[in-house]
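Dear colleague,

I am handing over the structure below, and my notes on what was found in it follow directly after it. Please read them with the coordinates open beside you.

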Amino acid sequence: MKNLVRIVFVLTVSIMNVYPKEFIVALDIGHSPKKAGAISASGYREYNFNRSLTLTVYKELARQHIKAVFVNSSEKDIELKERTSNAKLLGASIFLSIHHDSVPANFFYLTEKHYIRGFGTFVSTKNKYFEQSLFLASKISNSLLTQKYKFNTFHNLRIKGESKEILEDGVYKYDDLLVLKTAQMPAVLIEAAVIANPNDEILATKQNYKAGIAKAIALAILEYQNASIK
Ligand SMILES: [Zn+2]
């Protein structure tokens, strides 16, 4: 079985070398069913939010005739490095990891007061295609800000484990995020909302909130393609 998988990959890679490269978006559903990430204000796991939003993004991309593939759709626990190597093997042009945010427990009281809310995008200068990653993240963020989504600046606070530099409105530098630095193509991670915040949690389940994020991503990708920076 392993050999068969290898043969299919080798054939796919060989075909890709013969024909012009098709533009493909690799979609990473953040976390996995067993390692499900953050816990929302009402006790739901982040993976479920990530999965639902990633499916909305996939459908929006299909509507815009943009091909997308999942790097971890099989409900299994797939290691982070395997996700980026899958993206490479599948011939992905860009890598997009979809998450929902939280805060350390001692900051929960600030989510209740709604001070910590909104989205953020992340890029790594350790990614070989940092400039393209930043271009994509910047387009996604601009589109969300235009739609009145709020940028969550919590990660910029001078506290332990945070202090992330803001490169542009909506975009953080996060060099050691594993999927960003191991991706062998431009890569962006998006935190769509702060699910530890009760208000953001409700928003994150709303179809219009998810559709807005999906639209911003699709628009950014279209602009990325038009700018034809490869
Ligand atoms: Zn996450």
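The buried residues of helix α3 pack against β1, β3 and α6 (178-182); as with everything below, this is read from a predicted model. Helix α3 spans residues 80-89, and the buried positions in it are R83, T84, N86 and A87. Seen down the axis of α3, these buried residues fall within an arc of 155°, so they line one face of the helix. As background, an α-helix has 3.6 residues a turn, so residues three or four places apart point the same way. Just after α3, G91 takes a positive phi of about 75°.

Two residues add detail to the surroundings of α3. L178, which sits in helix α6, touches L80 and K81 once residues up to four places away in sequence are set aside. L178 and K81 are 97 residues apart in sequence, yet their C-alpha atoms are 7.2 Å apart in space. With a relative accessibility of 28%, L178 counts as partly exposed. S93, in the loop between α3 and β3, is by contrast buried, because its relative accessible area of 14% is under the 20% limit. Not counting residues up to four places away in sequence, S93 touches K21, E22, F23, I24, M185 and P186.

The zinc site deserves some care in any parameterisation, so which atoms coordinate the ion? The zinc ion is coordinated by H31 through NE2, by E46 through two OE contacts and by H99 through ND1, at 2.1 to 2.8 Å. The angles among the 4 donor atoms run from 50 to 141°, and the site is classed as irregular; a tetrahedral label would require all angles to lie between 85 and 135 degrees. Along the chain, the donors of the zinc ion follow the spacing H-x14-E-x52-H. H31 and H99 link distant parts of the chain, being 68 residues apart, with H31 in the loop between β1 (24-29) and α2 (46-63) and H99 in strand β3 (residues 94-101). H31 is partly exposed, at a relative accessible area of 26%, whereas H99 is buried, at 10%.

Helix α7 (residues 198-205) can be described in the manner used above for α3. Its buried residues are D200, E201 and A204, and they cover an arc of only 105° around the axis, which puts them on the same side of α7. What covers these buried residues of α7 includes α2, β3, β7 (187-194) and α8.

Turning to the nonpolar interior, the largest core has 53 residues, and those with the most contacts inside it are V25, L61, F95, I140, I213 and I221. Helix α8 (residues 207-227) supplies the largest share of this core, namely 9 residues. Leaving aside its neighbours within four places in sequence, V25 is in contact with L61, I66, K67, A68, V69, I94 and I221. There is also a second, separate core of 7 residues, which includes V103, L110, F154 and A196. In soluble globular proteins generally, nonpolar side chains tend to be buried together.

A further long-range pairing involves Q64, which lies in the loop between α2 and β2 (67-70). Q64 touches A218 and L222, not counting residues up to four places away in sequence, and although Q64 and L222 are 158 residues apart in sequence, their C-alpha atoms are 8.5 Å apart in space. Q64 itself is partly exposed, with a relative accessible area of 28%.

Some totals complete the account. The protein has 8 helices and 7 strands, and buried residues make up 48% of its 230 residues. Among contacts between residues at least 6 apart in sequence, 76% join residues at least 24 apart. The accessible surface of the protein comes to about 11,900 Å², of which 56% belongs to carbon and sulfur atoms.

With best regards

Note on methods: Residues are numbered from 1 along each chain as its sequence is written. This is a predicted model: local features need pLDDT of at least 70, side-chain atom pairs count only at pLDDT 80 or more; totals for chains, interfaces and linings use all residues. Side-chain values use heavy atoms; hydrogens and water are left out. Donors are N, O and S atoms within 2.8 Å of the metal (3.2 Å for Na, K and Ca); water is not among the atoms, so sites may look incomplete. Four donors count as tetrahedral if all angles lie between 85 and 135 degrees; four count as square planar and six as octahedral if opposite donors are over 155 degrees apart and all others between 65 and 115; anything else is irregular. Helices (H or I, at least four residues) and strands (E, at least two) are DSSP runs, numbered from the N terminus. Buried means under 20% relative accessible area, exposed over 50%, partly exposed in between (1.4 Å probe, protein chains only). Contact means heavy atoms within 4.5 Å. Accessible areas come from the Shrake-Rupley method with a 1.4 Å probe; for residues, only the protein chains shown count as cover. A nonpolar core is a set of buried Ala, Val, Leu, Ile, Met, Phe, Trp, Tyr and Cys residues joined through side-chain atoms within 4.5 Å. The arc is that of the directions from the helix axis to the C-beta atoms.
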